[in-house]
Structures are given as C-alpha cells and as structure tokens.
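This report describes a predicted model, beginning with a pocket and then turning to the sheet, the helices and the charged pairs.

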Amino acid sequence: MGTFEGKVVVITGGNSGIGYATAKAFREQGASVTITGKREEPLKKAAAELSVTGKLTDQASLQDIDQLVTEVKHASGKVDVLFINAGVAFFAPVEHTSEEQFDTMVNVNFKGSFFTLQKFIPILNDGAAVIFLTSGNTALAMENSAVYSASKSAVGHLAKIAAKELAPRKIRVNTVNPGPTETAMQHKFGFDDATLEAMKGHILTQVPLAKMGRPEDVARMVLYLADHSLSSFITGAEFFIDGGMAL
Ligand SMILES: NC(=O)c1ccc[n+]([C@@H]2O[C@H](COP(=O)([O-])OP(=O)(O)OC[C@H]3O[C@@H](n4cnc5c(N)ncnc54)[C@H](OP(=O)(O)O)[C@@H]3O)[C@@H](O)[C@H]2O)c1
C-alpha cells in the first residue's frame, strides 16, 4: 500500500514539468489525482500517461476554478492534498514590461493561486495539506524578474497567513521555492536554443551546487509536506530547493 492510498490530490498545472512529476509520484503512492492545465491536448496526453483525471482549467479564471471545485467535489467529495503549482513567467526589465505581461503573471500566479485556495477551502478535509509553488527567485533581486518575483512573493505571504487561518482545522499550508529546474518552462520564454544555453550557463555560475534541479527533486519535497506522518508539525514554512542559489 502506498503512503497516499485512497487520498484525493489536486494539482494545478500538472500536464508538464514539476506538476507532472508530482502527479506521477502521488500516483505511485496510491493517490487518486486530478491535474489541471490550460492547453487541452497536452492535458489529455498527460492524464492518459499518468492514469489521472485531467480538467481543463485556466487558473486565472474564477469561473474555471468554480467549475473545477464543483467537479472534484462531485467525483471525490473532499480533498486531502492541494498543490497550487500552475504558473507563468516572462522576463523583462521594469522599463519594458508590458501591461499584458504584468496582468498575465499577476492573474495566473497570484490571483489564480489565491482564488484556487479560497474556493477549495470548503472541500478540504480537516488535516489536509496545501502546498504552494513559488520560486527561489523570491529571495533574490534578479534583474528582469520584477513582476514574476513580486507575484510569487505575494503567494509566499498569502501562504503564511492562510497557514494561521486554517490551523484550527489542522490544515497545513507550506511553500516550495525551486531554483532553476529543467522543465518546459524555459522553452516558453520565446528564446532560441543558443540564447537559452547561454542563460543556463550564466545561471549555473550562481548556483553553489552548479547544477539545475529536476522536477522530481521538487516532487519529493511536495510529497514530504503532504505526508502527515512526516510533516505534521510543519506549517507556514518555505523550502528552497535551489542548490544554494539563494544563499
Ligand atoms: N522551472 C523552473 O526553473 C522554475 C523555478 C521556480 C519556480 N517555477 C514555478 O514552477 C511552477 C511549475 O512550472 P514548471 O517549471 O513545471 O513549468 P511548465 O512545465 O511550463 O509547467 C507549468 C504548468 O502550469 C500550467 N499553466 C500555466 N498557465 C496556466 C493557467 N493559466 N491555468 C492552468 N494551468 C496553467 C501549464 O499548463 P499549460 O502547458 O497547459 O499552459 C503547465 O502544466 C510554476 O509556477 C513556475 O513559476 C519553475
């Protein structure tokens, strides 16, 4: 029997990268898992590969979140683990960041995370675990990441307040902050391969362990924080998985 046998897990942004690796790890431990994504085909493909339920949900849309909560409630009743992971990043200096980029990052990363938590609260089991995915970037003052970093920092603060508000129901709320991790995300920035390789080389010079993280590294921390037998005294905490980059 896996550690999460019979547990109901919801992961936003589970069709690739960190969300996908985490969904896979929960499935291997016996959980019943629902993943979300914004693009239909990759979501269907991932759901079939992982034997999980895929729900097309734009995390920036309150209507979509309502629909997700209704469907999860109908299918599973209550939720034991909520991993709010979906996020987007664009990098540009303050001077050249467009309103559209600003709105997209704030709406998906912050507003979407906030309302996903809010709308799931009524169907979280007492003793449930909520894990937010922010970024190691929140501890840095990295050029070109003002809006991304601010949107993720806001989530980090939200998590701490939610941890206090939900403590009476023994719901634990924690944050995982990955450093540079090998996922599809880098390929969504719109840079060519040579630029991406140069960026990666530059980033690695700032990581004491001199390597990129893997989605599985992050997944293991999420499972640890979701496992009451290992982390029942941990709430409102943030965990950097960044090879020491934030030091
Ligand atoms: N990779 C890194 O170096 C790194 C470092 C620190 C933090 N992070 C954070 O880690 C999280 C996961 O990213 P990843 O690296 O695993 O990248 P990824 O492979 O690109 O995964 C991002 C996931 O989020 C989903 N998503 C994006 N916008 C969405 C929306 N509006 N509604 C629903 N789902 C949406 C994507 O679905 P679609 O494909 O359908 O859009 C995808 O499943 C993000 O919050 C990211 O900011 C990543």
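## The second largest pocket

Strand 5 contributes five residues to the lining of the second largest pocket, which is the largest share of that lining. Strand 4 and strand 5 are each the source of at least two of the lining residues. In total 14 residues line this pocket, and those nearest its centre are K7, D80, G127, A226 and H228.

The volume of the second largest pocket is about 190 Å³. Sorted by class, its lining comprises five charged, five nonpolar and four polar residues.

## The sheet

Strand 4 and strand 5 belong to an open sheet of seven strands, arranged in the order 3-2-1-4-5-6-7 with parallel pairing. Strand 3 (53–56) and strand 7 (238–241) form the edges of this sheet, and because each has a single partner strand, one side of each is left without a neighbour in the sheet. From one strand to the next, the twist averages 20 degrees.

Within this order, strand 1 (residues 8–12) runs parallel to strand 4 (residues 79–84), and the two are joined by four bridges. On strand 4, the residue standing opposite V9 is V81.

## Helices against the sheet

Helix 4 (residues 99–120) packs on the sheet, where it touches strand 1, strand 4 and strand 5 (124–133), and its direction makes about 175 degrees with that of strand 4. Helix 3 (residues 62–76) lies across strand 1, strand 2 (32–37), strand 3 and strand 4, and it runs at about 165 degrees to strand 2. Strand 1 and strand 4 are thus named among the strands met by helix 3 and also among those touched by helix 4.

## Salt bridges

Side chains that carry opposite charges can pair when their charged atoms come close. Across the whole structure, a search finds 10 salt bridges. In the salt bridge that K24 forms with E28, the closest N and O atoms are 3.2 Å apart. Because K24 and E28 are four residues apart in helix 1 (residues 17–28), about one helical turn separates them.

Terms used
Residues numbered from 1 in each chain as written. Predicted model: local features only at pLDDT ≥ 70, side-chain atom pairs only at ≥ 80, totals over all residues. Heavy atoms only, no water. Pairing = 2+ DSSP bridges. Axes fitted to C-alpha atoms, helices over the stretch in contact; angles between N-to-C directions. Contact = heavy atoms within 4.5 Å. 1 Å grid on protein atoms, 1.4 Å probe; cavity = no way out; pocket = protein on both sides within 12 Å on 5 of 7 lines; lining within 4 Å. Points joined across faces, edges and corners; volume = space filled by probe spheres on them. Nonpolar A, V, L, I, M, F, W, Y, C, P; charged D, E, K, R; others polar. Salt bridge = Lys/Arg side-chain N within 4 Å of Asp/Glu carboxyl O.
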